[in-house]
Amino acid sequence: MSPDHPPGLDLDRLGALLARERPGLVNGPLSGRLIEGGRSNLTYAVSDGTAKWVVRRPPLGHVLATAHDMRREHRVISALHSTPVPVPRTVLLCEDEEVLGAPFYVMEFVEGTPYRTAGQLAPLGPERTRQAVLGLVDTLVDLHAVDPDEVGLAGFGRPEGFLDRQLRRWGKQLDASRNRDLAGIDALHAALGRELPRSPAPAVVHGDYRLDNVLIASADGGTDSIRAVLDWEMSTLGDPLTDLGLLVMYGMPLGMPDSPVSTTAEAPGHPSPAELIERYAARSGRDVCAVSWYTAFAWFKLAVILEGIHYRYTLGQTVGPGFDRIGDLVPVFIEHGLTTLREGLRKG
């Protein structure tokens with residue numbers, strides 16, 4: 001298919017659906033392109049030449065509908081639109097697989113940049129980088145302050161036993177990807193289980209909260225702000241400190257400049273993990289004394305995810321630049337997890 005007609009996006013059928021369900025919205029033939037950098041779900045930018053929208057659908061050939069639940073994503077984004085959490089306005093949810101071959105939803109297109117590496121942040125300079133990352137913390141506090149019942153998200157998840165289920169889930173994921181010895185990973189998993197903290201009151205949890213899952217743009221005065229939080233496929237009701245732990249993990253330098261998985265932590269001006277934690281604690285009022293556990297759990301979860309990618313690579317099921325080096329990263333993540341759990345987070 002041509003770049004304007006990417007696989008998985010039948011623009012004629014989409015246009016007909018929008019004309020029927022949202023008359024007057026589209027004013028011309030549609031064109032579309034796949035937005036690079038998406039995770040498991042596919043994201044397209046669609047335009048009629050004047051206005052733009054975004055279409056989000058499961059990957060081609062998906063099998064497990066529960067793993068790519070468009071209804072859940074659409075529900076949480078729609079619910080949060082009335083809150084201080086910046087999210088795109090939803091346009092339409094379509095569960096009729098005859099249109100695009102899978103359920104999908106349409107939302108407004110939001111201008112902004114997802115900063116994925118320290119190199120991409122560098123042109124902002126230290127002060128703008130610092131403010132952008134601190135804004136990420138403030139938005140997380142806003143998210144965790146949302147009352148799920150008030151916005152129609154009661155029953156969106158099962159908060160009871162959340163951490164235990166998460167730990168068991170990622171342990172099963174690890175077992176499904178085992179084809180080599182990984183020193184320390186079972187010790188890390190066991191230690192996390194022994195030291196399971198008591199969760200605070202449940203909140204809406206994003207599940208993959210980090211800088212490259214938000215869009216940042218500059219206002220007229222040059223102030224950078226978060227315009228939209230994206231990629232809600234892992235959202236649920238659960239322990240809010242899991243989001244903080246993941247954000248802190250991504251705020252720690254890997255010390256591997258050529259790594260195929262990068263953090264933004266080495267960008268000049270990037271706040272330290274201690275600053276991120278203190279800002280969250282001060283603004284949310286939550287007790288963060290167990291944040292080392294949550295950060296170690298984030299290292300473990302990412303180690304399992306990377307090992308799964310490495311496993312698929314060894315089977316010839318994943319191709320592309322950088323995948324041949326993913327396996328070397330897994331021991332690094334394991335060691336960071338063990339060190340964090342054993343020594344806590346260093347100040348700085």
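Here is a short walk through one helix pair and one pocket of this structure, which is a predicted model.

Let's begin with the helices. Find α5, spanning residues 126–144, and then α9, spanning residues 273–284; their axes lie 10 Å apart and meet at an angle of about 40°. Angles under 35 degrees would count as roughly parallel and those from 65 to 115 as roughly perpendicular, so α5 and α9 are described as oblique to each other. If you look at the hand of the crossing, α5 and α9 cross in a right-handed sense.

Which residues make this contact? From α5 come Arg130, Val133, Leu134, Val137, Asp138, Leu140, Val141 and His144, while α9 supplies Glu275, Leu276, Arg279, Tyr280, Arg283 and Ser284. Sorted by class, the contact between α5 and α9 holds seven nonpolar residues, five charged ones and two polar ones.

Now let's turn to the second largest pocket, which encloses about 450 Å³ of space. To find your way to the centre of the second largest pocket, look for Ile35, Thr43, Pro114, Leu215 and Leu230, the closest to that point of the 27 residues in the lining. Three elements each give two or more residues to this lining: β3 (52–57), α2 (70–80) and β5 (104–108). Which element gives the most to the lining of the second largest pocket? That is β5, with three residues.

Finally, consider the chemical character of the wall. The lining of the second largest pocket is made up of 13 nonpolar, nine charged and five polar residues.

How values were computed:
Residues are numbered from 1 along each chain as its sequence is written. This is a predicted model: local features need pLDDT of at least 70, side-chain atom pairs count only at pLDDT 80 or more; totals for chains, interfaces and linings use all residues. Side-chain values use heavy atoms; hydrogens and water are left out. Axes are lines fitted to C-alpha atoms, for helices over the stretch in contact, and angles run from 0 to 180 degrees between N-to-C directions. Helices (H or I, at least four residues) and strands (E, at least two) are DSSP runs, numbered from the N terminus. Angles under 35 degrees count as roughly parallel, over 145 as roughly antiparallel, 65 to 115 as roughly perpendicular and the rest as oblique. A crossing is left-handed if the near helix is turned anticlockwise from the far one by less than a right angle, and right-handed if clockwise. Contact means heavy atoms within 4.5 Å. Ala, Val, Leu, Ile, Met, Phe, Trp, Tyr, Cys and Pro count as nonpolar, Asp, Glu, Lys and Arg as charged, and the others, Gly among them, as polar. On a 1 Å grid over the protein atoms alone, a cavity is a set of points where a 1.4 Å probe fits but cannot get out, and a pocket is an open set with protein on both sides within 12 Å along at least five of seven lines; lining residues have an atom within 4 Å of a point. Grid points are joined across faces, edges and corners, and a volume is the space filled by probe spheres set on the points.
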